[in-house]
Amino acid sequence: MKVTEHIAKANGKPIISFEILPPTKGKSIQSIHKILDPLMEFDPAFINVTYHRSEQVFKKRNDGSFDKVDIRKRPGTVGICAAIMNHYKVDAVPHLICGGFSKDETENALIDLNFLGINNVLALRGDPPHGEKYFRPHASGHNYAIDLVKQVAALNNGSYLEDDITNADATNFCIGVAGYPEKHFESANPMLDLMHLKQKVDAGAEYITTQMFFNNDKYFEFVEQCRANDINVPIIPGLKPLSSKRQLSMIPSVFHVDLPEELVQNMQNATSRDEEKKVGEDWLYKQAKGLLDKGIPGLHFYTLGKPDLVYNVMKKLS
Ligand code: FAD
């Protein structure tokens, strides 16, 4: 079922979703089960699986010199989505990114997804690879997420890249996109970022999942701004658990979001790893409860390595 159908079917009750990363190469599907098995208790509407481009790494040759090679550390998004749907009978939402992929490769991934009966995608641009400051598109790929949205929307109209494919069966993907309550870090100002978000929606995106935020006011202000700018699709808030002092500097630098003073203070006062986790868990609970009390279409948890904190919070909420 499509994400938008889940939201409609829930009839005003917020749906729950979880996001996972494909494991690094060499790990089996069991590592996914280990994360998802406990979370299934909360009857998620769907599970998102992130997509990752290749990274350039240096490998030492026998003669001591180095080779620069492309390595995809976390492949398998399409296969994992199919495995999740098959094993848990729950919908999966694969992320698709522009970075590192040609339009042809994207089309082939969409064809695979369509054959597998996966009719949701979250269309994203992707970040620059590690060690690079600016995003550079693949030579025959897309510059921005909107171009990816347009490609999926074209396929939904039966239009493939090769124009000699005629009378093609149309796909039926529900397209989601990312939104940034605290503005995308590259955007000159929030209004410009909203304008680009609106363009993605006008191009065919049917819902928005937000970047993580740690202050609920930012989400509600963002929703207000979206509505004022004629962006009327569901906006699903994304929450990530904070679990260590180290993340106080890591999260703002990687995700470009602010951490509220109270959260920072509580984390700094923690004197053990267990206390640090407790601070993160309490904050996540407070945020989730606050969002649910005010009314949201769904709650999306970035489990990213911390499914136990998400589990504890969901347990308290249910
Ligand atoms: P875009 O919508 O293309 O926007 C990128 C920037 O360009 C913004 O500043 C925007 O304002 C600007 N812009 C947009 N269109 C135009 C235009 N036409 N002209 C000029 N400027 C424009 N990354 C991964 O690699 N894999 C994942 O699985 C993944 N999942 C994510 C899930 C969520 C919910 C979120 C919020 C992010 C995720 N990311 C993922 C990270 C994401 O790829 C980055 O945040 C990336 O920097 C931007 O992606 P986007 O789709 O928002 O890009």
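The central feature of this predicted model is an open sheet of 9 strands, with parallel pairing, in the order E9-E8-E7-E6-E5-E2-E1-E11-E10. At the edges stand strand E9, residues 235–236, and strand E10, residues 238–239; each has a single partner strand, so one side of each is left without a neighbour in the sheet.

Allow me to turn to one pairing within this sheet. Strand E1, residues 15–20, runs parallel to strand E11, residues 298–302, and 5 bridges join the two. Within this pairing, Ile 15 stands opposite Gly 298 of E11.

Two helices that pack on the sheet deserve mention here. Helix H1, residues 3–10, touches E1, E2, E5, E6, E7, E8 and E9, and its direction makes about 150 degrees with that of E1. Helix H10, residues 273–294, touches E10 and E11, and its direction makes about 160 degrees with that of E11.

Some of these elements return when we consider the second largest pocket. Its volume is about 550 Å³. Of the 23 lining residues, Lys 13, Pro 14, Ile 15, Ile 16 and Asp 43 are the closest to the centre of the pocket. Ile 15 is thus a residue we have already met, as the one opposite Gly 298.

Which elements supply at least two residues each to this lining? They are H1, E1, H10 and helix H11, the last of these spanning residues 307–317. H10 gives the most, with 4 residues. As for the classes in the lining, 13 residues are nonpolar, 8 are charged and 2 are polar.

I come next to the aromatic residues, which form 5 pairs in the structure. One of these is made by Tyr 51 and Phe 101: the ring centres are 5.1 Å apart and the planes lie at 65 degrees, so the pair is edge-to-face. This pair links distant parts of the chain, its members being 50 residues apart. Tyr 51 lies in the loop between E2 and E3, whereas Phe 101 lies in the loop between E5 and helix H4, residues 103–115.

Finally, I consider the hairpin of E3 and E4. Strand E4 covers residues 66–71, and it pairs with E3 in the antiparallel sense over 6 bridges. Lys 60 has Phe 66, in E4, as its bridge partner. There are 5 residues between the two strands of the hairpin, and Gly 64 takes a positive phi near 90 degrees.

How values were computed
Residues numbered from 1 in each chain as written. Predicted model: local features only at pLDDT ≥ 70, side-chain atom pairs only at ≥ 80, totals over all residues. Heavy atoms only, no water. Pairing = 2+ DSSP bridges. Contact = heavy atoms within 4.5 Å. Axes fitted to C-alpha atoms, helices over the stretch in contact; angles between N-to-C directions. 1 Å grid on protein atoms, 1.4 Å probe; cavity = no way out; pocket = protein on both sides within 12 Å on 5 of 7 lines; lining within 4 Å. Points joined across faces, edges and corners; volume = space filled by probe spheres on them. Nonpolar A, V, L, I, M, F, W, Y, C, P; charged D, E, K, R; others polar. Phe/Tyr/Trp six-rings, centres within 6.5 Å; stacked < 30°, edge-to-face > 60°.
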